[in-house]
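Hello,

Here is the structure I promised to pass on to you. Have it open while you read, and my notes on what turned up follow right after.

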Amino acid sequence: MPDPARTPRLAVLIDADNASAQIAMGLFEEIAKIGEASVRRIYGDFSSTRLRGWTDVLAKHAIMPHQTFAYTTGKNASDIALVIDAMDLLHSGRFDGFCLVSSDSDFTRLAARIREDGIDVYGFGEQKTPESFRQACRRFVYTENLLPAAVEPDQSAAPKAKPKKALKASSDAVSLLQKAIDQLDDDDGWVHLSTVRNRLVDMAPDFDPRTYGHAKLSTLVEKSGAFELRREDKGGVYIRSRPEQSEPKGKQRGK
């Protein structure tokens with residue numbers, strides 16, 4: 001069992017063929033929220049100009065490249081090399097979690113196998129990533145949420161960053177939030193927001209308020225208009241469905 005007082009050690013394995021170098025900065029900032037990226041490896045044919053973007057950022061983020069030549073058309077040597085290394089690292093017993101960076105469903109079985117050993121898997125991939133891989137991970141982060149905000153040139157002042165476009169509308173999160181609350185609420189319907197957050201990740205590994213255009217879950221809940229928020233003096237935040245949302249017709253307040 002890992003020492004709870006120790007920062008989790010993570011093995012970060014990147015499929016260069018299925019991940020953009022533009023996410024590098026945001027990727028390692030996100031991973032730092034989970035633990036320490038003790039191993040940082042990337043797999044691909046770096047003799048190809050297609051991976052030039054990754055070549056330019058390897059040193060900056062201390063990523064170790066693993067060169068895999070494409071000897072045969074249609075065969076992905078990079079995937080095989082990544083899987084072999086992942087199993088070697090798993091059996092070393094030195095890691096508390098794995099970060100698999102790819103949008104390729106071929107890594108679904110790898111993620112499932114690692115989790116069978118009781119080790120968490122954090123997936124990072126584009127929104128197009130097949131559901132099978134997303135569900136196989138303990139948590140899945142869309143790499144579109146990790147891209148740097150676009151900067152608008154401005155001659156009269158410092159450049160301003162444009163907010164990133166939301167991948168989904170806030171209203172799309174309402175049904176998922178409602179399911180989580182229904183599973184957790186007590187007699188008065190109030191549930192601590194952190195408890196809701198944990199249940200959401202259990203229900204949908206790819207849930208992320210940034211996908212809906214909000215940096216925080218509390219902001220997403222508030223902007224959706226479908227829930228009530230209660231903030232306590234000690235900083236606790238509670239949430240419940242609005243009465244008109246949760247009570248059947250004929251039993252709503254004032255009727």
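Let's start with the hairpin of β10 and β11, where five residues sit between the strands and G235 takes a positive phi near 100°. The two strands, β10 (residues 227–231) and β11 (residues 237–241), run antiparallel and are joined by five bridges. If you look across from R230, you will find Y238 of β11 opposite. As a reminder for reading such pictures, side chains in a regular strand alternate between the two faces of the sheet. Strand β10 ends at R231, and R231 also forms a salt bridge with E222, with the closest N and O atoms 3.8 Å apart. E222 is partly exposed, at a relative accessible area of 47%.

Now a step back to the whole protein. Please keep in mind that this is a predicted model. The mean pLDDT is 86, and 84% of the residues reach 70 or more. Over residues 247–255, however, the pLDDT is below 50, and this stretch has six contacts in the model beyond near neighbours in sequence. Where pLDDT is low, the predicted coordinates should not be read in detail.

The protein has nine helices and 11 strands. Of its 255 residues, 44% are buried. Among contacts with a separation of 6 or more, 56% are between residues 24 or more positions apart. The accessible surface comes to about 14,300 Å², and carbon and sulfur atoms account for 49% of that.

Next, the charged pairs. In general, side chains of opposite charge can pair when their charged atoms come close. The count here comes to 16 salt bridges. One of them links D17 and R50, whose closest N and O atoms are 3.1 Å apart. What does this pair tie together? D17 lies in the loop between β1 (9–15) and α1 (24–32), while R50 lies in the loop between β2 (36–44) and α2 (52–57), so the salt bridge ties together parts that are 33 residues apart in sequence. D17 is partly exposed, with a relative accessible area of 26%, and R50 is exposed, at 57%.

Another salt bridge is formed by E126 and K128, with 3.6 Å between the closest N and O atoms. E126 is partly exposed at 27% relative accessible area, whereas K128 counts as exposed at 63%. You may also enjoy finding the network of salt bridges that links E30, K33, R139, D208 and R210.

Finally, the cysteines. How many disulfides does the structure hold? There are zero. Take C99: the nearest cysteine sulfur is that of C137, 9.7 Å away, and C99 is in no disulfide. The cut-off for a disulfide is a pair of cysteine sulfur atoms within 2.5 Å, so a distance of 9.7 Å does not qualify. Seen from the other side, C137 is in no disulfide either, and the nearest cysteine sulfur is that of C99. Are these two residues buried or exposed? C99 is buried, with a relative accessible area of 0%, and C137 counts as buried too, at 1%.

A good way in is to display the hairpin of β10 and β11, then D17 with R50, and then C99 with C137. Happy exploring, and write back with any questions.

Best wishes

Technical notes. Residues are numbered from 1 along each chain as its sequence is written. This is a predicted model: local features need pLDDT of at least 70, side-chain atom pairs count only at pLDDT 80 or more; totals for chains, interfaces and linings use all residues. Side-chain values use heavy atoms; hydrogens and water are left out. Buried means under 20% relative accessible area, exposed over 50%, partly exposed in between (1.4 Å probe, protein chains only). Two strands pair if DSSP finds at least two bridges between them. Helices (H or I, at least four residues) and strands (E, at least two) are DSSP runs, numbered from the N terminus. Contact means heavy atoms within 4.5 Å. Accessible areas come from the Shrake-Rupley method with a 1.4 Å probe; for residues, only the protein chains shown count as cover. pLDDT is the predictor's confidence in each residue, from 0 to 100. A salt bridge is a side-chain nitrogen of Lys or Arg within 4 Å of a carboxyl oxygen of Asp or Glu.
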